[in-house]
Amino acid sequence: MPAPSLDSLVSLCKRRGFIFPGSEIYGGLANTWDYGPLGAELKNRVKSLWWETFIHKRPDMVGLDASILMNPKVWVASGHVSSFSDPLVDCKKCRQRFRGDKLLEPKIGVEAAAILKLDQVHKMLTAEKIACPNCGARDWTEAKKFNLMFKTHQGVVEDEAAMVYLRPETAQGIFVNFKSIVDTMRMRLPFGVGQIGKAFRNEITPGNFTFRTREFEQMEIEYFFDPERTEWKKLFEEWKKMSWSFMTDKIGIDAKNLRLRDHEKDELSHYSKGTTDIEYQFPFGWGELAAAVAYRTDFDLMQHEKVSGQDLNYTDPDDPGRKFIPHVMEPSYGTDRIVLAALLDAYTEEKLENGETRVVMKLKPEIAPIDVAILPLSKKENLISKAQELYKKVVQETNLVVDFDITGSIGKRYRRQDEIGTPKCITVDFGTIGEDEKQGVKDTVTIRDRNSLKQERVSIHELIQKLRP
Ligand code: GAP
């Protein structure tokens, strides 16, 4: 059962060190969030799984790490300067600003709101009697285009010439490096370039925890192909399946809480000939988790060739006379949204036999922040030193992330490890150190399984083998 509400997850994330409100000691900064020690581990694991799945395990893919700051002409060429905007409306009474389409979504639905033309937004707000969420008035301005790109200045002079944008997507870093990658990496079509990194959008209405923020992380692939040799519809379907399988098989999100949604023609981004999103059933409704795939055609490379004046043609190695601009499929995932969905999906409340409720994060072990916790039963010195010895052994002989926890009763520690999703706990007791046979044979420990709560007694000798995934 996914988390009953976003609030219960927000509270667990703060309480247990997954995600904290940003700049909290200064009263915060609206809609910014910091990943705490456990959140950072979880997010890193999601990124590593993605990199391993799509870059390391595929001969046709390479990685990239491009700059956040790019020549502003990049964003002219990509169409972001002219087209990357949302419909902004002001409440005439309280002067608060909102995204017109988002105000309409609960009334007319996500699809219908997404395809509204700018001049239709005000009419619809009036027709649907949409009230200002802040003051309740129903008096809206006409909608204006609000460009979402953050601007800043490079260097010491703050004039127009020094103006740069913070990238609103990582994708363009891949397009501008296309030629260098072809020239240096012996890549033959079809091939892909993947990149993980921060992106920034000055969202009009951020919110719903980390779902919509102004600074976020993307994991994007541009998969280049020859449209004469590869049928785009087939490739499109293949990427849909691969994206779906990443969410379900790798991240472990229950397929029941996911759906694919094709974009309506009018809803497509300026560069896309077809886009299918993967949506997750968040507590606030279905929301985009990732673009499973978008068919960007040759739009971006063509544009960059035109604006930069550089030749970005690919030479067909089998027919060197044939030069052309490849087409591209783009699966684009939001790391923060995947982390949020994984946490919501893992959140489970279980009634125990003794009547108590246990909250357990049933995260897939591959993304759980801690692999194993070592828990000495008491603070007695020889028990602690045996447990420390074991901690060193597990850390040295495996790649596992190990927690050593001596704070509070054993029951409290189990509860804490359940709430942070640790798949296995190892208890070192008086049996382990040969002081109480009733607890177990000397040099054996108990392994407790997070999901089944089953306890197994194993010898320290075979422990490492048992812990390895
Ligand atoms: N290069 C294509 C592109 O950027 P997008 O659908 O605008 O496509 C891709 O963004 C993914 O980035 C989304 O599916 C979402 O997961 C994530 N994303 C976009 N805006 C976001 C925001 N404001 N906060 C958090 N994640 C966001």
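1. In this predicted model, the side chain of R448 lies over the face of Y414, at 4.2 Å from the ring centre. A second arginine is placed in a comparable way: R337 lies over the face of F211, at 3.7 Å from the ring centre.

2. Aromatic rings also meet one another, and the structure holds 22 aromatic pairs. One of them is formed by F54 and W239, whose rings stand 5.9 Å apart from centre to centre, with 40 degrees between their planes. This pair counts as tilted because its angle is neither under 30 degrees, as stacking would require, nor over 60, as an edge-to-face pair would require.

3. The pair of F54 and W239 links distant parts of the chain. F54 belongs to helix α2 (residues 37–56), whereas W239 belongs to helix α10 (residues 232–250), and the two are 185 residues apart. Both F54 and W239 are buried. They also belong to one aromatic cluster, together with W50, W51, Y223, F246 and Y333.

4. The next feature to consider is a sheet. Seven strands form an open sheet with mixed pairing, in the order β3-β9-β10-β16-β13-β12-β11. At its edges stand β3 (61–64) and β11 (258–262); each has a single partner strand, so one side of each is left without a neighbour in the sheet. From one strand to the next, the twist averages 25 degrees. As a general principle, strands of a sheet pair through backbone hydrogen bonds, either parallel or antiparallel.

5. Strand β13 (residues 285–297) deserves separate attention. Ten of its 13 residues are buried, so β13 is largely enclosed by the rest of the structure. On one side, eight bridges join β13 to strand β12 (residues 275–282), and these two strands run antiparallel. A hairpin of two residues connects β12 to β13, and Y280 stands opposite G287 in β13.

6. Strand β13 also pairs with strand β16 (residues 327–334), in the antiparallel sense and over five bridges. Here A290 stands opposite Y333 in β16. Y333 is thus met a second time, as it is one of the residues in the aromatic cluster.

7. Which strand does β11 pair with in the antiparallel sense? The partner is β12, and five bridges join the two strands. Within this pairing, L260 stands opposite I278 in β12.

8. Finally, a helix accompanies the sheet. Helix α12 (residues 335–346) lies across β10 (215–225), β12, β13 and β16, and runs at about 35 degrees to β12.

Definitions and conventions:
Residues are numbered from 1 along each chain as its sequence is written. This is a predicted model: local features need pLDDT of at least 70, side-chain atom pairs count only at pLDDT 80 or more; totals for chains, interfaces and linings use all residues. Side-chain values use heavy atoms; hydrogens and water are left out. Rings of Phe, Tyr and Trp (its six-membered ring) pair if their centres lie within 6.5 Å; planes under 30 degrees apart count as stacked, over 60 as edge-to-face and the rest as tilted. Helices (H or I, at least four residues) and strands (E, at least two) are DSSP runs, numbered from the N terminus. Buried means under 20% relative accessible area, exposed over 50%, partly exposed in between (1.4 Å probe, protein chains only). A charge sits over a ring if NZ of Lys or CZ of Arg is within 6 Å of the ring centre and within 35 degrees of the ring normal. Two strands pair if DSSP finds at least two bridges between them. Axes are lines fitted to C-alpha atoms, for helices over the stretch in contact, and angles run from 0 to 180 degrees between N-to-C directions. Contact means heavy atoms within 4.5 Å.
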